Amino acid sequence: MVGISLVIAGLVVFLDQLIKYFVVQYLPQAGTVTAVPYILDLTYVENRGVAFGMFKDMRWIFVVFTAIIILVLLYIIIFKGIKSKLFLISSALIIGGGIGNLIDRIFLGYVIDYLQLSFFSPVCNFADYAITVGTVLLVIYLLFFSDSSKAKPQKEKDND
């Protein structure tokens with residue numbers, strides 16, 4: 001199952017970079033393109049910050065932070081023997097999305113964003129959504145399925 005999670009992460013990176021390639025080739029000249037009316041627009045944005053463009057021009061801090069998270073998750077996947085499909089899939093999505101955006105930050109100095117939902121104004125990308133879905137799944141795993149969530153509370157002893 002570890003191999004499958006690494007394949008999922010690799011697939012997320014591949015798809016993210018492939019989509020960004022086409023976005024860079026065709027979207028900047030077009031401006032905003034409506035993909036699904038009243039739901040989804042495609043808008044080219046060079047995001048020099050993190051979520052919602054916050055903390056602009058702190059690229060190397062984000063490179064280091066992202067690399068640490070990716071390495072920690074890879075360590076857990078490879079060496080800790082967690083076999084939960086939910087944990088492995090959520091980690092793979094976070095790793096793949098993180099690497100996809102890390103490639104942009106290192107080689108371009110910014111992250112290419114292009115997806116804008118009508119009900120969520122910030123422009124994001126495929127990697128951002130992979131990270132978001134992975135994080136939500138990881139929280140669900142930690143709250144409901146991990147060993148720590150199954151631990152039973154100890155009864156208090158009366159000292160009468």
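**Entry 1: salt bridges**

I began with R48 and E46, whose side chains meet in a salt bridge with an N to O distance of 3.3 Å. I keep in mind throughout that this is a predicted model. On accessibility, R48 counts as partly exposed at 34%, and E46 is likewise partly exposed, with a relative accessible area of 33%.

I then searched the whole structure for further pairs of this kind, and the search came back with 3 salt bridges. One of them joins D16 to K20, with the closest N and O atoms 2.9 Å apart. I asked myself how D16 and K20 are placed in helix α1. They lie 4 residues apart in this helix, which spans residues 2-30, so about one helical turn separates them.

K20 also forms a salt bridge with D104, and here the closest N and O atoms are 2.7 Å apart. This pair links distant parts of the chain, since D104 sits in helix α3 (residues 85-108) and K20 in helix α1, 84 residues apart.

Are these charged residues buried or exposed? I found D16 buried, with a relative accessible area of 0%, while K20 is buried at 2% and D104 is buried at 2% as well. Returning to the pair I started from, I note again that R48 is partly exposed. Salt bridges that share partners join D16, K20 and D104 into one network.

**Entry 2: T43 and its surroundings**

Next I looked up T43, which I located in strand β2, a run covering residues 40-47. With a relative accessible area of 12%, T43 is buried, because the cut-off for that class is under 20%. Which side chain does the side chain of T43 meet in a polar contact? The partner is the side chain of Q116, at 3.4 Å. Leaving aside residues up to four places away in sequence, I listed the residues that T43 touches as L27, G31, T32, D113, Y114, Q116 and V123.

**Entry 3: a nonpolar surface patch**

I went on to the surface, where L11, F14, L15, L18, I19, Y21, F22 and Y26 make a nonpolar patch of about 790 Å². From this patch I picked out L18, which is found in helix α1. L18 is partly exposed, with a relative accessible area of 34%.

**Entry 4: nonpolar cores**

I turned last to the interior, with the background that nonpolar side chains tend to be buried together in soluble globular proteins. The largest nonpolar core has 13 residues, of which I77, F87, I95 and L138 touch the most other members. The elements giving two or more residues to this core are α2 (59-79), α3 and α4 (126-145). Which of the elements gives the most to this core? I found that α3 does, with 6 residues.

I took I95 for a closer look at its contacts, again not counting residues up to four places away in sequence, and recorded A9, I70, L73, L74 and I77 as the residues that I95 touches. Apart from the core of 13 residues lies another core, of 7 residues, among them L40, Y110, I112 and L115.

Definitions and conventions: Residues numbered from 1 in each chain as written. Predicted model: local features only at pLDDT ≥ 70, side-chain atom pairs only at ≥ 80, totals over all residues. Heavy atoms only, no water. Buried < 20%, exposed > 50% of the residue type's maximum accessible area, 1.4 Å probe, protein only. Polar contact = N/O pair within 3.5 Å; in protein donor to acceptor, adjacent residues only side chain to side chain. Contact = heavy atoms within 4.5 Å. Salt bridge = Lys/Arg side-chain N within 4 Å of Asp/Glu carboxyl O. Patch = residues over 30% accessible without salt bridge, like charges linked within 9 Å, V, L, I, M, F, W, Y side chains within 5 Å. Areas by Shrake-Rupley, 256 points an atom, 1.4 Å probe, with all protein chains shown as cover. Core = buried A, V, L, I, M, F, W, Y, C linked by side-chain atoms within 4.5 Å.
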